[in-house]
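Colleague: I'd like to go through this one with you and ask where the labels come from. Can you pull it up?

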Number of protein chains: 2
Amino acid sequence: MSAVLKEMSAGPSIAQLLSPQSIALVGASEDQSKFGGRLFRMLLKHRYAGKVLPINPARDELFGLKTYPSLEQLDATPDLVVFTVPADKVLEQVAHAGRLGSRGALVISAGFSDAGEAGLARERQLLDLCGSYGMRVIGPNCLGVISAANQLVLCSSPILEIDELPSKPIGFVSQSGALMTTYFDRAWAMGGGFTHGFSVGNQADLELCDFVDFLIDDPATQVICSYIEGVKNAERFRATARRAVAAGKPWLAVKAGRSSAGSAAAFSHTASVAGDHAVFEAVCREEGVTLLNDMGAMLLLANAMARHPHAQVRKVAIVTPSGGGGALAADALADQGVELSTFSAPTRAALAQHFPSGQADNPVDFGARSTPDPKPVAEVTLNAMFTDTDTDAVLIPASMCPQEWVDALVDISTSTERPAAKPVVYAFEAGATSQGLRDKLAQRGCAYSNSSLETAIAMEAWKRRSDWTPRQRPERPHGCGPLSALPHGVLNEAQSKELLAHYGLPVNQGQLATSAPEAARAAQTIGFPVVMKIVSPDIVHKTEAGGVALHIANAQDAAQAFERLLANARRYKADARLDGVLVQAMAHGEAELLIGARSDAQFGPVVVFGAGGVLVELLAERVVASAPMHASDVGAALDALPIGHLLNGYRGKTLDRAGVIDAIVRASWLAHDLRAYAFELDINPLMVSRDRCFAVDARVQIL
Amino acid sequence: MSAVLKEMSAGPSIAQLLSPQSIALVGASEDQSKFGGRLFRMLLKHRYAGKVLPINPARDELFGLKTYPSLEQLDATPDLVVFTVPADKVLEQVAHAGRLGSRGALVISAGFSDAGEAGLARERQLLDLCGSYGMRVIGPNCLGVISAANQLVLCSSPILEIDELPSKPIGFVSQSGALMTTYFDRAWAMGGGFTHGFSVGNQADLELCDFVDFLIDDPATQVICSYIEGVKNAERFRATARRAVAAGKPWLAVKAGRSSAGSAAAFSHTASVAGDHAVFEAVCREEGVTLLNDMGAMLLLANAMARHPHAQVRKVAIVTPSGGGGALAADALADQGVELSTFSAPTRAALAQHFPSGQADNPVDFGARSTPDPKPVAEVTLNAMFTDTDTDAVLIPASMCPQEWVDALVDISTSTERPAAKPVVYAFEAGATSQGLRDKLAQRGCAYSNSSLETAIAMEAWKRRSDWTPRQRPERPHGCGPLSALPHGVLNEAQSKELLAHYGLPVNQGQLATSAPEAARAAQTIGFPVVMKIVSPDIVHKTEAGGVALHIANAQDAAQAFERLLANARRYKADARLDGVLVQAMAHGEAELLIGARSDAQFGPVVVFGAGGVLVELLAERVVASAPMHASDVGAALDALPIGHLLNGYRGKTLDRAGVIDAIVRASWLAHDLRAYAFELDINPLMVSRDRCFAVDARVQIL
């Protein structure tokens, strides 16, 4: 926890900030072209129950309410003060608010850390000032708060022209005010809704995790959605994620910046450094945050989860009025790696009463049923899905058909007398003709989608969440550091391997020769054939430099190779520092892996592993994970990689998978012990045979 | 062309069928619970200009029109007859229609080849009957025709309750009536529309390609959309695709059955065998049909193309009112492999007038502009995009903001005075609050999307289409067959390699030994080290059977290995036929590829190539292509594969890429020459070194 946060921890909670008896609006106006005018009107329109104190030096009255020239003139203390005035006017008024004893400031105004050095200085002043009065800050540079649960709207968005705020037990925290209001509006139009929404802005004081923590504790909220551009504090993020897991509340997240283009855009938007997306993804996976790539899919999932908070969804049944729509939905689910359920015998028997043979399978083609009246068939079909042992959820791609067909399904699945036992998710692909059905679902509080693709993406995330298990607590193996003194700088291969050996990593160490006769002697000691490699801190790609000689079969060849490698190295890079030539036993193996580690600027030490050697660029898929790791988590991650198949046996061969896992675990502990440094570790290849594995080449730098 | 098609080719064209002077409706009714009732009402509602002749034995008048008991009683000849009566009543009435001289039958009724053996027989009778009278058939088991261009609605769908049928120069042919009407409805609601839509049903006579051919010739249609479950005639499909290319009309397609679940669903739907999706994908790629995985994305693309039929779209600029929305759209485009454009200096200079530095980049954050009035900024921004040399299209993720911001962009981009020079595609992520803007776009005939993801998928397809080039005409290399007599059956390795050698494929042939002394002699002749492999038609996985010995260094070892391999083979499979042991030079190489070929039941001979050897299961991505292939098409396909990087040089090594290409070309000619057979060819591995490549193992079977 930062010093500032500690200082402020005595201040009011977010729950207290969201229940103000009175609110002062600095910058209040009736002018609807201004943030302060729209926000004011929306607060009144949505029937805030407390006292509103408009502040505007030019007016005595606004919207029929007595208006004050300045906070100084107030005779009562507003619990919360909202600022929509230009940035350069905020600080003075904040000081007044502090003196009055206000507990919170919501700063809509931009012009702080979003606006260069001068803005950053202003933000620091704001923070100091509020800290000195024990005030908490939301924003600045934010779009405010929409809290249906507390009947508190402090937001200027046009989406608020709606008369009632539909509410579902879902909270939403967003690093983009525009996206928050966009998806509020979308959810409202499609049967969804939220308890509370927070646009966090620059997060000068209260940050995304503070709001997520509030939602975890909020009894009205069951599911948490978030839009993230960059994480402010990695440890806090992990801690909040663990609190969500402990509370049993799904935390769903979409993060901008998976691509370099998206990352640059996010940075230019809120100056949030998006960070290495693979590391963020790893942390979410480790801590049980469900990451999605699509906002619409996240909200659809949240709404489905809100109705079925304890459902585990792995396999899906499709019920559809259109055979074509069912086939496309099955394809979309398969693309996302979600399997269709295999119906049990009782399910098949139940369906067989109403469907011709061959149609009583998954997807169920409702249009092909034998009975004309859709109602009894809808009842039998959905009930069969609800009792089927392999089916976790029902997807209904509602293509065009006589309306009464889907209407029958809607009536059964939204019954209040017999609530649906499993999630039922509708995807309406049609346009205006399906609007009546959409509205019916929305009126009954059931969210729907307009896209089978979006639905399939949501299902994949639900499956991933259902399969999630917390990672195991890592245990340091025997003979695996820590070292009392760590080496520093760019280590050569021999030094790097020495460090690895201290951590119990098997290495193909070899001997360093600094002359041709020494090389010949070393080769004789090690035993032929040997491999010889140039050792130089200035040559990274040894093969490219002609710095590697393989299959050296006798002493004479070894002596000649020494001279040749040195000559090649000088030709490749005239000024390269040459430490000598490493002579090693010629390594054979059935597979080559890569193990890397480094320090992520935000999330600390991580390990990376995957296919190595010549496969590095061909099998680019790798695991990234926080260090240290438990062996069973390493094993599970390896199994999910293509190269994992090779370790698990390929055409009758099984390789030293246990040795690979142990090597990765040990590398992860080395990474952990190096956490205070900017370091990079590369083992490539780790040569794996049937009964052993060892590092053939390694590079470590510790800065 | 089938015999039936030939017989019918004298019949009327689809253009003639779509311009009937009079239409008889067999099964006409006023009952809106019946297909015949709804279809009748929709025909009248949408103001068909010709004469309508209802047929219903129980009524004298329907909807105020004189009604006849049977076609027999008509005193005039209806050009077209529509059947909605049960299947068992259709044939008799068709005969009457034929005798009257009607030219076309639209059979909505199900119960033909969709309904088992009896139905299939009925469909054959229908076809014979129509053929004998020179009548063409649409359907049976279809949802009919919606032709806005011809003011002809012969469809019962509830989507037709709309008063006017919005029309864009896009045609739609669908193997699912439900999906056709679903996406008509969706398009109509979102600013799109169609000239003609055809639900092809069982395609007893007129099939999908007939309708596509009609649309290619139709001057009102610029873009063709299709939903496909299975192709009826492969050669016809290719020919139609070539006609579309020649006419410069994009043919877009979505096909069900990419996954096994989707394929089974499509089959149970219309009994269309989905076929091998990889082969269909290859054929589409070869013939210039643009295949997509998502119906919504296909229609969005069609609508954008309809406005800009000649646009080549490769790089995209994002203009957005929300920094977050821009970042997510950039990520979505990157996921699809679509690049953002890099703005030229003049573009940057133009933007710099209105945006703070750092925000005048792609994505352009419209919300960050310095000037409050959005109109001039919208004009400058979009015009800068229209003149930017690297930008081909503009994507506007229209997140929530004051409506006038996006309104300004909409006004500029839809100006009729100065039409947008490049495609502008809007993605409205919000709900009801954006409806006014959606409606404005729709009124101006501009289609939009509600999803950045869908938009990104559409852009990827547009890019793929823009990059498309027709494949080169293959040329048979010298010394590459054809053979006057082909071998048959399951060939062993030696026989397989002999066949390959006849096609000029380099092979590592070796000698077959049938005794230990023979093996020793063969090894001495070839030169050590050698590799020895069991030869048996009953043992496919030789390694697994212990049937391979590597690194044999002398004659004695060769003799011993012979006995060991035979013993292993007998242990593995007691009754395996053993032809002997193949002795070959031990092959070394830097990369292993796989080349396969087989005959696709629909599309004929195909070749398959990709990573081989131990990589087969790790690098599963392969190219599938129709045989024979031109060398330059092989080269382009190889370069797109991960294994292609290896051939093109990895850490300074270049391999015999030309040799690999030549080997694939030769294998493709062998496949071509085997086209009349059910055959399978497997070369794995093709060992590749720096200056040569050769088939180390090969299996061919020709049945």
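Modeller: Sure, and keep in mind that this is a predicted model. Let's start with a helix pair: Pro374(A), Lys375(A), Ala378(A), Glu379(A) and Leu382(A) of α14(A) meet Glu404(A), Trp405(A), Ala408(A), Leu409(A), Ile412(A) and Ser413(A) of α15(A). By class, that contact has seven nonpolar, one polar and three charged residues.

Colleague: What makes Ser413(A) and Leu382(A) members of that contact list?

Modeller: They belong to the residues through which α14(A) and α15(A) meet. The test for a contact is that two C-beta atoms, placed from the backbone, lie within 7 Å.

Colleague: And why is α14(A) called oblique to α15(A)?

Modeller: The two helices, residues 374–387 and 403–413 of chain A, pack at about 45°, with their axes 9 Å apart. Roughly parallel needs an angle under 35 degrees, and roughly perpendicular runs from 65 to 115. The angle fits neither class, so α14(A) is oblique to α15(A). Their crossing is right-handed, by the way.

Colleague: Over to chain B. Why does Arg124(B) count as partly exposed?

Modeller: Arg124(B) has 14 C-beta neighbours inside 10 Å. Buried takes 20 or more, exposed takes 12 or fewer, and partly exposed is what lies in between. The count falls between those limits, so Arg124(B) is partly exposed. You'll find Arg124(B) in helix α5 (residues 116–132) of chain B. The C-alpha atom of Arg124(B) is 58 Å from that of Ser689(B), which is 565 residues away along the chain.

Colleague: What is odd about the phi of Phe63(B)?

Modeller: Phi is positive there, about 45°, although Phe63(B) is not a glycine. Phe63(B) is in the loop between β3 (61–62) and β4 (65–66) of chain B. With 16 other C-beta atoms within 10 Å, Phe63(B) is partly exposed.

Colleague: His551(B) has a positive phi too, near 55°. How do you know whether His551(B) is buried or exposed?

Modeller: Count again: 10 other C-beta atoms lie within 10 Å of His551(B). The limit for exposed is 12 or fewer, so His551(B) is exposed. His551(B) is in strand β23 (residues 548–552) of chain B.

Colleague: How do you know which peptide bond at Pro529(A) is cis?

Modeller: Look at omega: from Phe528(A) to Pro529(A) it is near -5°, and that bond is cis. Pro529(A) is in the loop between α19 (516–526) and β22 (530–535) of chain A. In chain B, a cis bond joins Gly481(B) and Pro482(B), with omega about -10°. Pro482(B) is in the loop between α17 (452–467) and β20 (489–491) of chain B.

Colleague: Now the place where the chains touch. What makes up the side of chain A that touches chain B?

Modeller: The contact takes 77 residues from each of chains A and B. On the side of chain A, α12(A) gives the most, with 10 residues. By class, that side has 33 nonpolar, 31 polar and 13 charged residues.

Colleague: And what does chain A look like overall?

Modeller: Chain A has 23 helices and 30 strands, and 56% of its 703 residues count as buried. Its C-alpha atoms fill a box of roughly 100 × 75 × 40 Å along the principal axes. The C-alpha centres of domain 1 and domain 5 of chain A lie 52 Å apart.

Key: Residues are numbered from 1 along each chain as its sequence is written. Chains are lettered from A and ligands numbered from 1 in the order in which they are written. This is a predicted model: local features need pLDDT of at least 70, side-chain atom pairs count only at pLDDT 80 or more; totals for chains, interfaces and linings use all residues. Domain bounds come from an automatic or database domain assignment. Helices (H or I, at least four residues) and strands (E, at least two) are DSSP runs, numbered from the N terminus. Axes are lines fitted to C-alpha atoms, for helices over the stretch in contact, and angles run from 0 to 180 degrees between N-to-C directions. Angles under 35 degrees count as roughly parallel, over 145 as roughly antiparallel, 65 to 115 as roughly perpendicular and the rest as oblique. A crossing is left-handed if the near helix is turned anticlockwise from the far one by less than a right angle, and right-handed if clockwise. Ala, Val, Leu, Ile, Met, Phe, Trp, Tyr, Cys and Pro count as nonpolar, Asp, Glu, Lys and Arg as charged, and the others, Gly among them, as polar.
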